[in-house]
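Reader: I have the model open now; could we go through its sheets together?

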Amino acid sequence: MRFGLRNEEMALEEMVQRLDAVSQDTDEIMHQDIVPLCAADIEDQLKKQFAYLSGGRGQDGCPVITFPDYPAFSEIPEKEFQNVLTYLTSIPSLQDTGIGFILVIDRRQDKWTSVKASVLRIAASFPGNLQLVLVLRPTGFLQRTLSDIAFKFNRDEFKMKVPIIMLSSVPELQSYIDKTQLTEDLGGTLDYCHSRWLSHRTAIESFAVMVKQTAQMLQSFGTELAETELPNDVQSTSSILSAHTEKKGKMKEDMMLALKEGHAILESIREPLTKNPEYNLNQDQLDNQTTVQRLLDQLGETEAAFDEFWAKHQQKLEQCLQLRNFEQNFREVKAILDVVSEKLSAFTDVGNSYAHVEHMLKDLASFEEKSNEAVEKARALSLEGNQLIQSKHYAVDSILPKCNELQHLCDEFTTEMSKRRNLLHKSLELHSLLEKSMKWCDEGIYLLASQPVDKCQSQDGAESALQEIEKFLDTGTKNKIQELNKVYKEYESILNPDLKEHVQKVFQKQESMEEMFQKRQVSLKKLAAKQTRPVQPVAPRPEAFTKSPCPSPGLRRGSENSPSSESNVPKRGNYKRAKSEMSDIQQGRSGSVMDDEENLAILRRHVMNELIETERAYVEELLCVLEGYAAEMDNPLMTHLISPALQNKKDVLFGNMEEIYHFHNRIFLRELENYIDYPELVGRCFLERMEDFQIYEKYCQNKPRSESLWRQCSDCAFFQECQKKLDHKLSLDSYLLKPVQRITKYQLLLKEMLKYSKNCEGAEDLQEALTSILGILKAVNDSMHLIAITGYDGNLNELGKLLMQGSFSVWTDHKKGHAKVKDLARFKPMQRHLFLHEKAVLFCKKREENGEGYEKAPSYSYKQSLNMTAVGITENVKGDVKKFEIWYNAREEVYIIQAPTPEIKATWVNEIRKVLTSQLQACREASQHRALEQTQSLPLPTSSNTSPSKNQTKSIKKLEERKTDPASLEGYVSSASVPKNPDKSKDDTVTSSTSESSALSKKRFTLQGFANLKSQKGWTKTSHSLDASEDNDGWSSAEDPLNSSDAEEEGGAGLRKLVPGKYTVVADHDEKGSPESLAVKSGDIVDLLHEGEEGLWFVKNLTTSKEGWVPASNLLALIGNSKSAQSLSSSESGTGSTFLSSSSSCSESCNATFSDIKG
């Protein structure tokens, strides 16, 4: 830089010197250093022409100044007179003026007195040297004579430095001065025009001033340029370069104008020659031409000096601009390299799994690809700097260190990138080894768990299991960790505390698994060795002893009754040997079982650890989203980044994620951690919090709106800034999907846990938790469809819980006439999507799916709905196993539904059954409540026929518990089906037979809501069978009132009616469900005392004198065809009549029956 500046300083000094010389030369040319007068200053005085310089020369080359006849000569002010004379004497060259001037004073028309005064004035005021004074005296005789006399007598008064010659005529004058050097008014031939001469003098002097001013201006401009401080930024440098270039352009324009003017003056001087080539310029004209030419040369020299300086100054500015651009690019590239290096330095993680390291390698490769652009820029900039240095830039000392730094940074980045890549490849190698070892361990544990214990008891089974184990262990050389210290040493460069701990855990797991294998091998070898010893079969049936060391009472009793009992007992010695061998076998078996249980416990702990670890990660991810995105939407500093479409939409975008986070963080995660040592019991944790999982339904219902908003605003700068701050590799939409993924993950983990906990204490809870989670997933899925229903005017929440939903083909078959054509019987099916609620069935039309992602959800246009209180179903439709009927208002409207598969049809029919059955239960409960009130108001039976009040109360509680069980509905049907009037039993029986024969011809099941059935005053069990048979296979089976088709096909008779009395039991019965239940054995005599609620009879076992409750359905099987002392059709039993009246009140209170429907 110093060298460049020094060059510019030298150029400036040289230019200043040359321009100073130009100024001085100009002054010398114009004699401004002697007489600083210009024609322009005394133009008016020169115009009077009382004296002029004609350009003539004397014999010695003396300039001739002519004083023409000027009448007012004496009136010319002295100052003007002196200025004119001074100016005229300054025009000729110094050489000519040094010889002296010749004055020609023309006074031919004047008087002697004036001549005398003029000569004296000129002699006194003439500033230059005089060579000769020639005076043309007056031409008049008197004045001539007078002048001669006066001149002789007054000669002393005219004493001058030069002689004064009085001439009488022009010819005398021509003897002193050649005719060609005299103007025409003096009889000569010299061409002289005073106005032209004055114009030339003014132009020449103006041009000389211009040349001088231009030189001074260039000098000043050059100094200004040289003194300008170089800026430190590109924009300022560029501005200065532009400004200086603009000024330089104006300077050049002024110089061009000056040159143009000088050439114009030169042409004006030479104009006579142009017109007449033979024309000879006088000496003054030649001097003028020479003067102009010299001025032009000075101007050209000035331009050359400035151009030389400007070239150097421009080079300096351009190099400065190059330097500033280089420095700016250097700062930018260095900043990028610093960021890239900082990001690269952040790649310190060596990964926590093989997949993670693979992902990190891909990220590193992607990062390297993106970073290469910055590195290439840095290398290109370094090359550019080297080129500047080679071009002899003035700032070499500034450019060279920066080039070296760029090269160093690039090399350092490349080295570090290679180092990072090598470390990750090393980590990939280690994780591959670890995962191989873990996979090997898992396969080993699975092998141990999958080896059946019973098959290993034989010699072949034990040897086969040993071979499997040995074969598996042989694969360990390629898969397991051989030496832990060797691994530590080989992978020392990547082993951080976490990874080292992970290696230790894997190695411990490997050792534990190998220890399990060793134990299993020992057990199997014992079993194989035990089997090789021969055992003598000393007893025909040794199984009786191997099954149990102590004979059961049955065996003992059998041996006592057998006449050859001694032959069945082995000898004492052989018995001891068999006992010893069986003891060893049982020990081996128990050891193997213990090994299997230990293996399963390890698997359970593995699943539990995965559940807790993923739960913690899930909670952390939710917190990260809530703090990094949701909270930032309320941050005033981030408001400017949020697009208008995203304003006030936080609840739409995130839904109830905060509620989900608080549930998992504060409650569920902590409760899960309490079960870490009891993984098989974790199902209880899920069951206790199953209601809380309903919050996911709300989140999933909002997901389509969230997805739509994300698609609109995904390019928003706010999301990009938040993602950058969080250093997330995935965008927000991936994290918004986490709750949906998590709720589906639980059922997979529960299945795994249940798989390894089938014989544990908490297996039932795990199964129930799994079922509940699947139910929640189904409810979530159903709700996603439910919110897509459009056109329904009412409130869907009032229809009760959504039970099922699906698409079907639907035909309509309405019995009554309709006004609209579209309601007539359809031959072409309609495609409808059905929604089964607890209180109604909705028929909707599915619309086309549009959009993407969650937006690609169908919509459903509401068409009609059926109230479940007025709905009936027909299970089978002839000709198609996938069809069933839903009919409405006693088959006024019939909808034939075709399911996609028979399985879907069965599921729907069963669900509709449950809904209609629940309606029946509700009706029965109301009726039973009234019956109970009536029973309490009747007289109590005798003590022998009445159970203790305590037992009766417990029985009622038991019945209430059985209400929710569909299987317990048997009791409802039985107890409510006792004939109201015993006298009609015979007719009912006949009618029942008729209904059975009718049922055989129809194989469709029909169930209708009770609110829509035709009312009857009372209905009995046999009347049920009749009505149902006349319709489509009604309830004719007491065992299963919802599945009459089996009874119809068997053609069974109607149920027998039970009445109090004594009966003989033909089969054993021992129900352990309740303390009040009664156990009976075949052959016992029982007394049916009275019928209780819910189809139970209070029975006394006369054989054991015990009393208790027995279901009526079980009694029918227990007593078979035995008869009591009382007839089954007897109407004399007070107890029976009492409860029959209660049953009839149930029928009346329900106000419902089966309607007559023709198939």
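Reader: Which residue in strand 16 stands opposite Thr1064?
Author: Thr1064 has Ile1085 opposite it in strand 16, where strands are DSSP runs of E with at least two residues, numbered from the N terminus. Strand 16 covers residues 1085–1091, and 4 bridges join it to strand 15 in an antiparallel arrangement. This is a predicted model, in which local features need pLDDT of at least 70, side-chain atom pairs count only at pLDDT 80 or more, and totals for chains, interfaces and linings use all residues. Residues are numbered from 1 along each chain as its sequence is written, and side-chain values use heavy atoms, with hydrogens and water left out.

Reader: What order do the strands of that sheet follow?
Author: The order is 15-16-17-18, an open sheet of 4 strands with antiparallel pairing, and two strands count as paired if DSSP finds at least two bridges between them. Strand 15 (1061–1064) and strand 18 (1106–1111) are the edge strands, each pairing on one side only.

Reader: Switching to the sheet that holds strand 1, how is the pairing there?
Author: The pairing is mixed in that open sheet, whose 5 strands follow the order 1-2-3-4-5. Its edges are strand 1 (52–57) and strand 5 (164–167).

Reader: And strands 3 and 4, parallel or antiparallel?
Author: Strand 3 (residues 101–106) pairs with strand 4 (residues 130–136) in the parallel sense, over 6 bridges. Within strand 4, Leu132 is the bridge partner of Ile102.
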